[in-house]
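Hi everyone, thanks for coming. Let me put the structure up on the screen so that we can look through it together.

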Amino acid sequence: MGRSLLLLVALSLLLLHGSDASRSPPTSKQAIPRFHTNANSTLGLIDGVSPQQDSDNPLTYFAFYAATTAADGYHGFIATMDVYGFPLENGQGSAAAVWIHDEADGQLFNLRQIMIGWDVLPSEYGDSRTYFYTKWTNDGFLSTGCTNMKCIGFQPEKGAKIAPGDVIDHVTFPKQKIKRNLNLKVIKDGPSGDWLVYCGLDQDPELIGRFPRSLFTGIFAEKATSISFGGVTTAPFTKPPPMGSGYLPTDPKSAASISNIQFVDQNGRASPVTENLAKFETNSAAYAVSPILNGQFFYGGCQKPTA
């Protein structure tokens, strides 16, 4: 754990926002040069050394907690996210996410992962609205995986109230007492081996679909080795977007939160998180996470939205 996990998560975040992989799976020849460039930039961020700071160079920042110590791995999670909205431009992106993954030996092509949460990404959707999204890969996005349902992968449940790629209306604004909540549960189904996805907006999560076991190989076909929770932004250096609500977690009345965090074991039992997990922050002065207390933490920062 540590540097390899951070690099793999960071690379997946870079791919979430505006890469060709979010539209259609690239070939390995197309992907390798791009990944090599992104890896160099990400390593610079990890080491606390900023890449070239010009207006055309997109930077990715993140603030998240990662769990990696379960002896029998992770078979799912439960969590609740506040959902926010703000006007962004092309080239800017912001997301709240849970990453379920297996980093294997730390090589990018061995990254197997499911991502789920909400995002604001004009270059992907053509507007600055807030969307419910999922993303998956079995090989670090080299030849498998996509966002939402842009390829064969996520299988929606018939009659589900929400699906990946749907707009989330009536989002929360900072200091608003009543918050819009995205309630999530993803669990490994014993009989089928599928990753079942449950989701509810301001209500208990209901089954909305699944990622079939057949999509994944290796350990991830059976379980995850780590689960991470937090936020990510990407934008040119001169136009940093808000993460979460835009407020740092030092202002819990206004900052975004992820709460009711629980892990699911191989027997389907959910256990609340009662202590801090491993923390990762690209630049804690701009984007940060608070300590975990009673299964909840606050996160975000960089700027205060005017809306």
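I'll go through the strands, then the aromatic rings and the cores, and finish with a few single residues.

A word on the source first: this is a predicted model, in which local features need pLDDT of at least 70, side-chain atom pairs count only at pLDDT 80 or more, and totals for chains, interfaces and linings use all residues. Residues are numbered from 1 along each chain as its sequence is written, and side-chain values use heavy atoms, with hydrogens and water left out.

Let's start with the sheet. When I say helix or strand, I mean DSSP runs numbered from the N terminus: H or I of at least four residues for helices, E of at least two for strands. Two strands pair if DSSP finds at least two bridges between them. On that basis, 7 strands make up an open sheet with antiparallel pairing, in the order 6-5-4-3-11-1-14. Its edges are strand 6 (146-147) and strand 14 (278-281), each pairing on one side only. Inside that order, 9 bridges hold strand 3 (residues 93-102) and strand 4 (residues 112-120) together in the antiparallel sense. If you want a register mark, A96 has W118 in strand 4 as its bridge partner.

Now look over at strand 10 (residues 206-211), which runs antiparallel to strand 7 (residues 155-156) and is joined to it by 2 bridges. One bridge partner to find there is G209, opposite P156. Strand 10 also has 5 bridges to strand 9 (residues 195-201), again antiparallel, and here Y198 is matched with L207. Strands 9 and 10 form a hairpin with 4 residues between them, and D202 in the turn has a positive phi of about 60 degrees. While we are at Y198, notice that the charged end of K185 sits over its ring, 4.4 Å from the centre. For that label, NZ of Lys or CZ of Arg has to be within 6 Å of the ring centre and within 35 degrees of the ring normal.

On to the rings. Rings of Phe, Tyr and Trp (its six-membered ring) pair if their centres lie within 6.5 Å; planes under 30 degrees apart count as stacked, over 60 as edge-to-face and the rest as tilted. How many aromatic pairs does this rule give? The count is 15. One of them joins Y61 and Y287: the centres are 5.7 Å apart and the planes are at 35 degrees, so this pair is tilted. Y61 lies in strand 1 (residues 58-67) and Y287 in strand 15 (residues 287-289), so the pair ties together parts 226 residues apart in sequence. Both Y61 and Y287 are buried, a word I use for under 20% relative accessible area, with exposed being over 50% and partly exposed in between (1.4 Å probe, protein chains only).

F229 and F263 form another tilted pair, 5.9 Å centre to centre with 50 degrees between the planes. This one links strand 11 (residues 226-236) to strand 12 (residues 256-264), with the two residues 34 apart, and both F229 and F263 are buried. There is also a cluster, in which ring pairs link F62, F64, W99 and F280.

What about the cores? A nonpolar core here is a set of buried Ala, Val, Leu, Ile, Met, Phe, Trp, Tyr and Cys residues joined through side-chain atoms within 4.5 Å. The largest has 54 residues, and F77, W118 and F229 have the most contacts inside it. Strand 1 gives the most to this core, with 5 residues. Another core of 13 residues lies apart from it, and A66, A97, Y131 and Y133 are among its members.

Finally, some single residues. P249 is in the loop between strand 11 and strand 12, and at a relative accessible area of 11% it is buried. The C-alpha atoms of P249 and F298 are separated by 5.1 Å, though these residues are 49 apart along the chain. S254 belongs to the loop between strand 11 and strand 12 and is buried at 1% relative accessibility.

Buried or exposed, what is N294? With 72% relative accessibility, N294 counts as exposed. N294 sits in the loop between strand 15 and strand 16 (297-301), and its phi is positive, about 55 degrees, although it is not a glycine. N260, in strand 12, has a positive phi near 55 degrees and is partly exposed at 38%.
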